[in-house]
Amino acid sequence: MDTASKPAGSVLVYAPDRGIGDLMWHLPTVRAIAARTPEGQVVLAARPSSRAAEVLAVEPSVSRVVYARHFSGALKGVKEVLDFWRICREVRPRAVWILEKIGRPAQAAWLAGVPERRGFGLGHGSQEQWLQGPFLPKAMRPDHRLDKLAAFEVLHGLKVDSREPGLLLDPKAVAAVQARFGRLPGPWLVLGVGASEPARTWPAERFAAVSQAVADLFPTVFWLGGPNDAPRLEASVAARFGSGRDILACDLPLDQAAALIALSAGFLGNDSGPLNVAASVGRPAIGLMGTSPVPAYSRWLSRLDGGEGRIADISVDQAVAAVRTRFTDEAWANRDIPAA
C-alpha cells in the first residue's frame with residue numbers, strides 16, 4: 001500500500017492495567033491488532049506503573065507509548081475522561097481499541113471524534129453506548145482477563161497463534177549485561193527478591209537458604225530487586241554478598257534486568273514484574289505466590305503457592321525441590337541472545 005492510500009491517523013490500543021505482568025498478558029493481543037493495520041504498528045496507551053515505554057522499547061508492533069494517568073478522589077471519573085480525551089487529541093487516532101470494560105475512555109474517544117471505537121463491553125452500558133460492537137457477553141464478567149482477551153480476539157477476527165509474550169530485548173542492554181557480568185561462571189540463577197507489597201515478599205533469609213542449597217548447580221546467583229530492596233537485603237543477608245558467588249543486582253535499569261534474566265539459566269522469585277519478564281523472555285521461571293497468584297499463562301512459568309495467600313507458608317525445601325526438578329528435567333543452562 002502506498003503512502004497516499006494509507007488511512008489517516010494511527011490505531012490506539014488502551015491496556016489500562018497497572019503491572020508489568022498485565023502488560024505481558026496483553027502483548028499478543030496488541031500484536032494481533034497491529035498486524036491488521038497497514039502500518040503494522042499501534043500506539044499503546046498504558047498506565048505509568050506498567051513501565052511500558054521501557055519494557056516495549058524495541059517492540060516493532062508498538063510505534064510509541066503514551067501514559068494514561070491513574071486518578072483517585074471524588075472527581076476521578078471526570079479526570080480520567082479528560083485525560084484520555086487529551087491522549088486522543090494528541091495521537092489523533094482513526095481507531096481506539098480498549099482492552100477492558102471501562103466506560104470513561106470510550107466516552108473520551110467519542111468526545112474526541114475517533115471514528116472507530118472498540119472494547120470488551122461485557123454488558124456495561126457505560127462503555128457500550130460509546131462503542132461499536134461486537135461485545136463480549138455479560139456472562140464473561142467473572143472470567144480471568146486471559147480468557148476475555150482470547151474471546152475478544154475470536155470475536156474481532158484477530159489472529160493469535162500463541163499466548164507466549166516473546167518479549168524482545170534491546171541488544172544494547174544485552175551487551176551491557178554481558179560486559180558487566182560475562183566473566184562470572186555459569187549457569188546463573190536469578191532470585192527475584194523484590195515485590196510490590198509484603199504479602200508478596202518471601203523472606204530474604206529463605207532466599208539465602210535456597211542459594212546455599214543449590215550451590216552445586218549454580219556457581220553464580222543474582223539477587224534481583226529494585227533500589228528500595230537493597231537496604232533490606234544488606235541488613236538481613238549481607239554476608240551472602242561477600243564471597244563473590246551471590247551478586248546483589250538492585251541497580252539495574254529495567255531493560256538490563258530483563259537481559260540478565262534472559263542470559264541466565266533460570267529464575268526463582270516473588271510474584272512481581274521480573275517473574276513475568278522471565279516467562280516472557282523464555283526462561284524457566286518458578287513463582288512464589290502470595291495474594292492473587294498469577295495464572296501459569298506461559299509454559300515457562302510454574303508456581304509454588306503457600307495456600308490461602310500466605311507466601312510465608314512456602315518452605316525452603318519446597319523451593320529447592322522445584323528448582324532442582326526443573327533444572328534436571330529442562331537441562332537449564334545460560335544462553336546467548338542473538339543481536340536484533
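These legends accompany several close-up views of a predicted model. In this predicted model, local features need pLDDT of at least 70 and side-chain atom pairs count only at pLDDT 80 or more, while totals for chains, interfaces and linings use all residues. Residues are numbered from 1 along each chain as its sequence is written, and side-chain values use heavy atoms, with hydrogens and water left out.

**View 1. Helix α1 and its kink at H26.** Here we look at α1, which covers residues 20-35; helices (H or I, at least four residues) and strands (E, at least two) are DSSP runs, numbered from the N terminus. The end C-alpha atoms of α1 are 22 Å apart, in agreement with the 22 Å that its 16 residues should span at 1.5 Å a residue. That expected span is 1.5 Å times one less than the number of residues in the helix. At H26, shortly before the proline P28, there is a kink of about 40°, where the bend is the angle between axes fitted to the seven residues ending at a position and the seven starting there. Of the 16 residues of α1, 14 are buried (buried means under 20% relative accessible area, exposed over 50%, and partly exposed in between, with a 1.4 Å probe and protein chains only).

**View 2. The packing of α1 with α6.** Two packed helices are described by the angle between their axes and the distance between the axes. For α1 and α6 the angle is about 5° and the axes are 10 Å apart; axes are lines fitted to C-alpha atoms, for helices over the stretch in contact, and angles run from 0 to 180 degrees between N-to-C directions. The two helices α1 and α6 are therefore roughly parallel to each other (under 35 degrees counts as roughly parallel, over 145 as roughly antiparallel, 65 to 115 as roughly perpendicular and the rest as oblique). From α1 the contact takes in W25, H26 and T29, and from α6 it takes in R145, L146, L149 and E153; contact means heavy atoms within 4.5 Å.

**View 3. H156 and the cis bond between G133 and P134.** H156 sits in the loop between α6 (145-155) and α7 (171-181). With a relative accessible area of 7%, H156 is buried. Setting aside residues up to four places away in sequence, H156 touches R36, W97, R118, G133 and P134. G133 and P134 are themselves joined by a cis peptide bond, with omega about 5°, and P134 belongs to the loop between α5 (125-128) and α6.

**View 4. A second cis bond and two positive phi angles.** The bond from G186 to P187 is cis, with omega near 5°, and P187 is in the loop between α7 and β6 (188-192). R92, in the loop between α3 (76-91) and β4 (95-98), is not a glycine, yet has a positive phi of about 55°. A331 is likewise not a glycine and has a positive phi of about 50°. A331 lies in the segment after α12 (316-330) and counts as exposed at 59% relative accessibility.

**View 5. The surroundings of V316 and R240.** V316 is part of helix α12 and is partly exposed, with a relative accessible area of 22%. Leaving out neighbours within four places in sequence, V316 is in contact with W202, R206, A209 and V210. R240 is found in the loop between α9 (229-237) and β8 (246-249). Beyond residues up to four places away in sequence, R240 touches A208, S211, Q212, W223, R245 and D246.
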